[in-house]
Amino acid sequence: MIADHHRLGSWQEIFADEVRQPYFSALSAFVQQEYMTHTCYPPQPRIYAAFDYCALEQLKVVIIGQDPYHGAGQANGLCFSVNDGIAQPPSLLNIFKEIEADVGAPLPASGNLERWARQGVLLLNATLTVRAGQAGSHQKKGWERFTDAVISRISQYKDNVVFLLWGAYAKKKGAKIDRSKHHLLTSSHPSPLSANRGGWFGNRHFSRTNEYLSRHGMTPIDW
């Protein structure tokens, strides 16, 4: 489906090898069929929104999620993000609470994180699509291989990117990032189950990200 969209600009070169591989053809066919026969999220034009809003040249920070939200109107193609007017899910609310405690930014009315993406934050889910009401329904169909390739290419081609790895899944996903040239911040996941056990609140990932960016001559993120 990437091949159909031609919207990826600076990312296109990075993806070219993946798009030509048999697994990607099978993945595209699967996703096409799912969207034709079931309600799936995010809306089809938003599947690659993480790349649409964050150009490779501007990339400064990568946040790794797992699966899109599977409730009506929630998923907009950016991990942890929801559309304007949609109630903020518990994990996102905990992210905003930590930002408030860390950098003093008030809790925002909207959970739409497009404003982060436009500043160079890649909000990347490991799996880019899901069937409505069925968490994990599109896992192990090829998306994980594709997003692993994205992460390894970012690690290879870029310098001084901050990777925010929250929870065991994201830490495993980021295991091959070159730590000699990138900055990795890890903590427990912001979901209530993990956050309330400790390790999320007080991680100060948002101020620590900005300190690193400033040290390397980049504009901090307005969280």
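1. How much of the accessible surface of the protein chain belongs to carbon and sulfur atoms? The share is 51%, out of an accessible surface of about 9900 Å². Keep in mind that this is a predicted model.

2. Overall form comes next. The protein chain has 223 residues and a radius of gyration of 17 Å. A compact globule with that many residues would have a value near 17 Å, so the two agree. Along its principal axes, the C-alpha trace spans about 45 × 35 × 25 Å.

3. The secondary structure consists of 10 helices and six strands. Contacts often link distant parts of the sequence. Among contacts with a separation of 6 or more, 64% join residues 24 or more positions apart.

4. Burial can be put as one figure: 52% of the 223 residues count as buried. In soluble globular proteins, nonpolar side chains tend to be buried together. Here, the largest nonpolar core has 64 residues. Those with the most contacts inside this core are Trp11, Phe51, Ile63, Trp116, Leu122 and Phe146.

5. Leu122 deserves a look of its own. Which residues does Leu122 touch, once its neighbours within four places in sequence are left aside? The list runs through Trp11, Ala50, Phe51, Cys54, Leu59, Val61, Val62, Ile63 and Ile154. Trp11, Phe51 and Ile63 are also named with Leu122 among the residues with the most contacts inside the core.

6. Now the charges. The protein chain carries 23 positive and 19 negative charges. Their mean positions are 5 Å apart.

7. His38 sits in the loop between α3 (22-37) and β1 (40-41). Is His38 buried or exposed? Neither label fits: its relative accessible area is 33%, so His38 is partly exposed. Gln134 is 96 residues away from His38 along the chain, yet their C-alpha atoms are separated by 11 Å.

8. The loop that leaves β1 holds a cis peptide bond. The bond runs from Tyr41 to Pro42, with omega near -10 degrees. Pro42 itself lies between β1 and α4 (49-53). Most residues other than glycine have a negative phi, and most peptide bonds are trans. The bond before Pro42 is therefore worth checking by eye, being cis.

9. Two residues other than glycine have a positive phi and can be viewed together. Lys140 has phi near 60 degrees. Lys140 lies in the loop between β4 (130-131) and α7. With 73% relative accessibility, Lys140 counts as exposed. Arg204 has phi of about 55 degrees. Its place is the loop between α9 (192-195) and α10 (205-215). Arg204 is partly exposed, at a relative accessible area of 39%.

10. Asp159 closes the tour. Where is Asp159 found? Its loop lies between α7 (143-157) and β5 (162-166). Leaving aside neighbours within four places in sequence, Asp159 is in contact with Lys181 and His182. Asn210 is 51 residues away along the chain, and the C-alpha atoms of Asp159 and Asn210 are separated by 16 Å.

Notes
Residues are numbered from 1 along each chain as its sequence is written. This is a predicted model: local features need pLDDT of at least 70, side-chain atom pairs count only at pLDDT 80 or more; totals for chains, interfaces and linings use all residues. Side-chain values use heavy atoms; hydrogens and water are left out. A nonpolar core is a set of buried Ala, Val, Leu, Ile, Met, Phe, Trp, Tyr and Cys residues joined through side-chain atoms within 4.5 Å. Buried means under 20% relative accessible area, exposed over 50%, partly exposed in between (1.4 Å probe, protein chains only). Contact means heavy atoms within 4.5 Å. Helices (H or I, at least four residues) and strands (E, at least two) are DSSP runs, numbered from the N terminus. The radius of gyration is taken over C-alpha atoms; the globule rule is 2.2 Å times the number of residues to the power 0.38. Accessible areas come from the Shrake-Rupley method with a 1.4 Å probe; for residues, only the protein chains shown count as cover. Lys and Arg count as positive and Asp and Glu as negative; His and the chain ends are not counted. The place of a charge is taken as NZ of Lys, CZ of Arg, CG of Asp or CD of Glu.
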